[in-house]
Amino acid sequence: MLHVSKTEQQQFTKGDPHSVCEDALILATQRVNSKYNALKFEVNTNYTNVTPQVMMMPNDLTRVFLNLFTNAFYALEDKRKKLGSYYHPVLEISSEIQATQLIFRIKDNGVGIPQETIKKIFEPFYTTKPTGEGTGLGLSICFDTMKAHKGDLQVESVAGESTTFILSLPVS
């Protein structure tokens, strides 16, 4: 819906995706603090020392990071409700350069995603959330956005333990 409703045509510009990631993290953290006030979490970042320049549409890339962070916080809150004070929620964000790609890893130690669900996770309208909690468009749009950036989006998960989204962007 968000993808279809965009009216302005965004242009690719050269920039640092780390700053886009950080801005999205600030927005997501503000949102989660107001929505899940009982969730006390830790965020760890470990970015590459190199500041790569990437051709990107900053607003679209912000939406990708924001969606992934929002989903991670949802998984952390879901697990916190199940485990209570024995659980220490953590979101880890890292980046590294591999050959000509900038790789971001966004990992949460939330509820994880069952393997049978991972096959469908990027399909439009597929959601793991209860009715009324999500449209099932977020990850599909994220996937399409990363392809438009000539990049990729993958997921690794262990049900009950963690989920890691891996974004790759070509370095200019």
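The exercises below concern helices in a predicted model.

**Exercise 1.** Compare the end-to-end distance of helix 2 with the span expected from its number of residues.

Solution. Helix 2 covers residues 17-35, which is 19 residues. The rise is 1.5 Å a residue, and the expected span is that rise times one less than the number of residues. This gives 27 Å for helix 2. The C-alpha atoms at its ends are 27 Å apart, in agreement with the expectation.

**Exercise 2.** Find which residues of helix 2 are buried, and where they lie around its axis.

Solution. Buried requires a relative accessible area under 20%. In helix 2 this holds for Pro17, His18, Val20, Cys21, Ala24, Leu25, Ala28 and Val32. Around the axis they take up an arc of only 145°, so they sit on the same side of helix 2.

**Exercise 3.** Identify the contact that a side-chain oxygen of aspartate 16 makes at the start of helix 2.

Solution. The partner is the backbone nitrogen of histidine 18, and the oxygen comes within 2.9 Å of this atom.

**Exercise 4.** Describe the packing of helix 3 and helix 5.

Solution. Two quantities are needed: the angle between the axes and the distance between them. For helix 3 (residues 58-83) and helix 5 (residues 138-148), the angle is about 140° and the axes are 9 Å apart. The crossing is left-handed. Helix 3 contributes Asp60, Leu61, Arg63, Val64, Asn67, Leu68 and Asn71 to the contact; helix 5 contributes Gly138, Leu139, Cys142, Thr145 and Met146.

**Exercise 5.** Decide whether glutamate 77 is buried or exposed, and list its contacts beyond four places in sequence.

Solution. Glutamate 77 belongs to helix 3. Its relative accessible area is 7%, so glutamate 77 is buried. Apart from neighbours within four places in sequence, glutamate 77 contacts Tyr36 and Leu39.

Conventions. Residues are numbered from 1 along each chain as its sequence is written. This is a predicted model: local features need pLDDT of at least 70, side-chain atom pairs count only at pLDDT 80 or more; totals for chains, interfaces and linings use all residues. Side-chain values use heavy atoms; hydrogens and water are left out. Helices (H or I, at least four residues) and strands (E, at least two) are DSSP runs, numbered from the N terminus. Buried means under 20% relative accessible area, exposed over 50%, partly exposed in between (1.4 Å probe, protein chains only). The arc is that of the directions from the helix axis to the C-beta atoms. A polar contact is a pair of N or O atoms within 3.5 Å; within protein, one must be able to donate a hydrogen and the other to accept it, and residues adjacent in sequence count only if both atoms are side-chain atoms. Axes are lines fitted to C-alpha atoms, for helices over the stretch in contact, and angles run from 0 to 180 degrees between N-to-C directions. A crossing is left-handed if the near helix is turned anticlockwise from the far one by less than a right angle, and right-handed if clockwise. Contact means heavy atoms within 4.5 Å.
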